[in-house]
Each structure stands twice: as structure tokens, then as C-alpha cells.
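Visitor: I'm new to this one and would rather see one spot properly than everything at once. Please pick a charged side chain, take me through its surroundings, and then work outwards.

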Amino acid sequence: MKHVDYVYTVGMTDAELEEYLRIGEHGVLGLADGDDAYAVPLSYHYDGERLLLRVSGHDDDSEKRQFLETTGTTTFVVYEASTADSWSIQVRGPVREFESDVEEATLREWFPPFRLFDEAVEAVDFSLFELEMESVVGRRTVE
């Protein structure tokens, strides 16, 4: 590979996975329905025990809701690739709506500000989903 720059990577330890999941804020959730794939960027919160996803603007007939209902095992990818110390983590497992009530102040503490795209603030609604972390693997660049 004469014409490609590259860096070496290694697998992450459990402690590193924990650390990087705690410092991340955003990832991409991969969903599927048969042969159709759907991926959506989401904010998340990891507290050491559970991974919660903030899912916006999905009514019962939305494409996002349909894919959430048809996907047995989701894949959520968290990464940082803009620095020399890049890393990525892949979390796999089923996702289900989070049933516990969470106060608005806690949600503001857990999640970064939401970025609106041509929507009125009043029209945006959120739900929390929990990703059951059946598999968690990660890689980081070697220092």
C-alpha cells in the first residue's frame, strides 16, 4: 500500500470501552427490514449500565418507527475520527422503548442540544429507547 496513509489500531479493553462510551454523545443506529437498510444519527447517554437513545419526531407511521419495529438486532456505532487518536465502538442488540419516566432537567443533563432541520421546536417530540448491549467491541489507534 504505497499510496495510502494508515495507522495501526488495536482492540479496546473493557475499561476503554466503558471510558469511550461515557465520553461520546452521538452515534449512528443501523436498522433493517428484510433487504432494506436504514441508518440514522442519534444522540445517546451511557451510564455504565444502559445505553439510551434519544429518538425524535417519529409518529406511528414514520419510516423510523417502522424500522425500529422490524429490526431484531440493531447496530449502534459510536466513533471519533477527526483526530490522530481515533476510535470506534460497535454495540449490537435489540432495542426497545424505554418505559421509565425521566424528568426534563435530567434529559438536558444526559443529552446534548438537539439540532433542528427545518422543523419548528414545538413540532419535535422525543422518545427514549434502550439498546440491550449484547455485544460491545471497539478499536482505537495505537499511540
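Guide: Let's start at Glu130, which counts as buried because its relative accessibility is 17%. Buried here means under 20% relative accessible area, exposed means over 50%, and partly exposed is what falls in between (1.4 Å probe, protein chains only). Bear in mind that this is a predicted model: local features need pLDDT of at least 70, side-chain atom pairs count only at pLDDT 80 or more, and totals for chains, interfaces and linings use all residues. Residues are numbered from 1 along each chain as its sequence is written, and side-chain values use heavy atoms, with hydrogens and water left out.

So who does Glu130 meet? Its side chain makes a salt bridge with that of Arg96, at 3.9 Å from N to O. That pair connects distant parts of the chain, since Arg96 is in strand β7 and Glu130 in strand β8, 34 residues apart. (Helices are DSSP runs of H or I with at least four residues, strands are runs of E with at least two, and both are numbered from the N terminus. A salt bridge needs a side-chain nitrogen of Lys or Arg within 4 Å of a carboxyl oxygen of Asp or Glu.)

Arg96 itself is partly exposed, with a relative accessible area of 43%. Its side chain also meets Glu132 in a salt bridge, this time at 3.8 Å, N to O. Here too the link spans distant parts: Arg96 in strand β7 and Glu132 in the loop between β8 and β9 (135-141), 36 residues apart. Glu132 is partly exposed at 36%. Through shared partners, Arg96, Glu130 and Glu132 become one network of salt bridges.

Step next door to Glu97, whose salt bridge partner is Arg65, with the closest N and O atoms 3.4 Å apart. Glu97 belongs to strand β7 (residues 95-97) and Arg65 to helix α2, so this is another link between distant parts, 32 residues apart. Glu97 is partly exposed at 30% relative accessibility, while Arg65 is buried at 12%. The salt bridges come to six in total.

Now for the greasy side of things. A nonpolar core is a set of buried Ala, Val, Leu, Ile, Met, Phe, Trp, Tyr and Cys residues joined through side-chain atoms within 4.5 Å. The largest one has 24 residues, and those touching the most other members are Leu21, Leu29, Tyr44, Leu51, Leu53, Phe76 and Ile89. Elements giving it at least two residues each include α2 (63-70) and β8 (126-131), the homes of Arg65 and Glu130; others among them are α1 (14-23), β3 (36-46) and β5 (74-80). The largest share, five residues, is from β3. There is also a second, separate core of five residues, with Leu52, Phe98, Phe111 and Leu128 among them.

Which rings pair up? A search of the whole structure turns up three aromatic pairs. In one, the rings of Tyr20 and Trp87 have centres 4.9 Å apart and planes at 45 degrees, so the pair is tilted. Tyr20 is in helix α1 and Trp87 in strand β6, so the pair ties together parts 67 residues apart in sequence. Both are buried, Tyr20 at 16% and Trp87 at 9%. In another, Tyr44 and Phe76 have ring centres 5.5 Å apart and planes at 80 degrees, so that pair is edge-to-face. It ties together strand β3, with Tyr44, and strand β5, with Phe76, 32 residues apart in sequence. (Rings of Phe, Tyr and Trp, using its six-membered ring, pair if their centres lie within 6.5 Å; planes under 30 degrees apart are stacked, over 60 edge-to-face, and the rest tilted.)

One more stop is Leu17, in helix α1 and buried at 8%. Not counting residues up to four places away in sequence, Leu17 touches Met12, Ile89, Val136, Val137 and Gly138, where contact means heavy atoms within 4.5 Å. Leu17 and Val136 are 119 residues apart in sequence, yet 7.8 Å apart from C-alpha to C-alpha.

Zooming out, the protein chain has three helices and nine strands, in the order β-α-β-β-β-α-β-β-β-α-β-β from the N terminus. Of its 143 residues, 36% are buried. Among contacts with a separation of 6 or more, 71% are between residues 24 or more positions apart.
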